[in-house]
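Colleague: Walk me through this one, please, and keep the reasoning short.

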Amino acid sequence: MITRRGFMQVIGGGFASAVALGGYAFAVEPLARLRIAHYSLTPPGWTPGLKLRVVAIADLHACEPWMSARRIASICTRANELGGDVTVLLGDYASGMNLVTRYVHSSEWSKALSALEAPLGVHAVMGNHDWWEDRTAQKNGGGETFGHRALVEVGISVYSNRAIRLEKDGLGFWIAGLEDQLALLPGKKWKRSAMGGLDDLDGTLAQVTDEAPIILLAHEPDIFPKVPARVSLTLSGHTHGGQVRFIGHSPVVPSRFGDRYAYGHIVEEERNLIVSGGLGCSIAPIRFGVPPEIVVVDLG
Ligand SMILES: [Fe+2]
């Protein structure tokens, strides 16, 4: 946490020496741009006649000045205008950065998100930063985080290895939400020698009781090689497209598969994954070639 004055000094010092490109990556792209990433697909086995628009919001990383509650509210207004049948939130609501003038409390970002509206509801999963910033949850090694509670309090359903069946025009489909794959930090104080996940893919998919298509929400795309073809579409965030992306390549991606699942629509063995570039920043407030985005997927 730094003071506003310290922050202005960082900004001032940065601008004094930065080239115009640096200024763009630091101030313009992360703060001023918002684009819509639109995909249309008919996955194998999709129910004929089921036309479904999914609007997805990922990686807000609420903190000031980069992602204030006010900015989240304006993103939600834009998301509502996109006319989704269903809206999904893909995790990482918590900041994940030190270069901030103020942290935005979970009660503030969740209140902003409560403006989201969709006929078939708003459905959320958690991300690694939501777990990492909750010391009690780290100590407990499971259960729920302050993020889970904040979302539930504003009426947004949170999926922690859970699947539910929804219907549009009498045709069913499933939303399955995975708990985070990097939830538990390693460390002596937590009595853990390695990073631990709380995801249970088999247990989540076992709740599906009919042949209706499944949409899987999984914060990190790294689960994708294990996702069976029975799942029509996996929706992920987490990578921010690397935050820096040149001509379809991201040099630094927080994934054990490197660039493979960094961004966009990926098809492997007829299985579909869409990775959102997200909206906020983590580690450093820089974006280049991956402007903040809301994802719209038209299925059917
Ligand atoms: Fe993440």
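**Strands, iron site and helices**

Colleague: Over how many bridges do β8 and β9 pair?

Modeller: First, the ground rules: this is a predicted model, with local features needing pLDDT of at least 70 and side-chain atom pairs counting only at pLDDT 80 or more, while totals for chains, interfaces and linings use all residues. Numbering starts from 1 along each chain as its sequence is written, and side-chain values use heavy atoms, with hydrogens and water left out. Helices (H or I, at least four residues) and strands (E, at least two) are DSSP runs numbered from the N terminus, and two strands pair if DSSP finds at least two bridges between them. For β8 and β9 the sense is antiparallel, and the count is 7 bridges.

Colleague: Which residue takes a positive phi in the hairpin of β8 and β9?

Modeller: Lys168 stands opposite Leu171 in β9. The hairpin has 2 residues between the strands. The positive phi is near 50°, and the residue taking it is Asp169.

Colleague: Is strand β9 mostly covered or mostly open, and how many of its residues are buried?

Modeller: Buried means under 20% relative accessible area, exposed means over 50%, and partly exposed is in between (1.4 Å probe, protein chains only). Strand β9 spans residues 171-177 and is mostly covered. The buried count is 6 of its 7 residues.

Colleague: What does the twist average from one strand to the next in the sheet with β8?

Modeller: That open sheet has 6 strands in the order β8-β9-β10-β11-β13-β12, with mixed pairing. At its edges are β8 (162-168) and β12 (264-268); each has a single partner strand, so one side of each lacks a neighbour in the sheet. From one strand to the next, the twist averages 20°.

Colleague: What is the bridge partner of Ile214 in β11?

Modeller: Coming from β9, the pairing with β10 is parallel over 4 bridges, and Ile175 stands opposite Ile215 there. Strand β10 (residues 214-217) then pairs with β11 (residues 231-236), again in the parallel sense over 4 bridges. Ile214 has as its bridge partner Val231.

Colleague: Now the metal: is the site of the iron ion regular or irregular?

Modeller: Donors here are N, O and S atoms within 2.8 Å of the metal (3.2 Å for Na, K and Ca), and sites may look incomplete since water is not among the atoms. The protein donors are Asp92 (OD), Asn128 (OD1), His219 (NE2) and His238 (ND1), 2.1 to 2.2 Å from the iron ion. Four donors count as tetrahedral if all angles lie between 85 and 135 degrees; four count as square planar and six as octahedral if opposite donors are over 155 degrees apart and all others between 65 and 115; anything else is irregular. With angles of 90 to 167° among the 4 donor atoms, this site is irregular.

Colleague: How far apart in sequence are the parts that His219 and His238 tie together?

Modeller: The donor spacing along the sequence reads D-x35-N-x90-H-x18-H. His219 sits in the loop between β10 and β11 and His238 in the loop between β11 and β12, so the pair links parts that are 19 residues apart.

Colleague: And the other open sheet: which residue in β6 stands opposite Thr87?

Modeller: This open sheet has 6 strands in the order β1-β14-β2-β4-β6-β7, with mixed pairing. β1 (35-41) and β7 (157-158) are at the edges with a single partner strand each, so one side of each is left without a neighbour in the sheet. Strand β4 (residues 86-89) and β6 (residues 122-124) pair in the parallel sense over 3 bridges. Opposite Thr87 stands Val122.

Colleague: At roughly what angle do the axes of α3 and α4 cross?

Modeller: Axes are lines fitted to C-alpha atoms, for helices over the stretch in contact, and angles run from 0 to 180 degrees between N-to-C directions. The axes of α3 (residues 69-81) and α4 (residues 106-113) come within 8 Å. They cross at roughly 20°.

Colleague: Last one: at what relative accessibility does Pro291 count as buried?

Modeller: Pro291 lies in the loop between β13 and β14. Its C-alpha atom is separated by 9.3 Å from that of Gly280, 11 residues apart along the chain. Gly289, in that loop too, is partly exposed with a relative accessible area of 43%. Pro291 counts as buried, at 8%.
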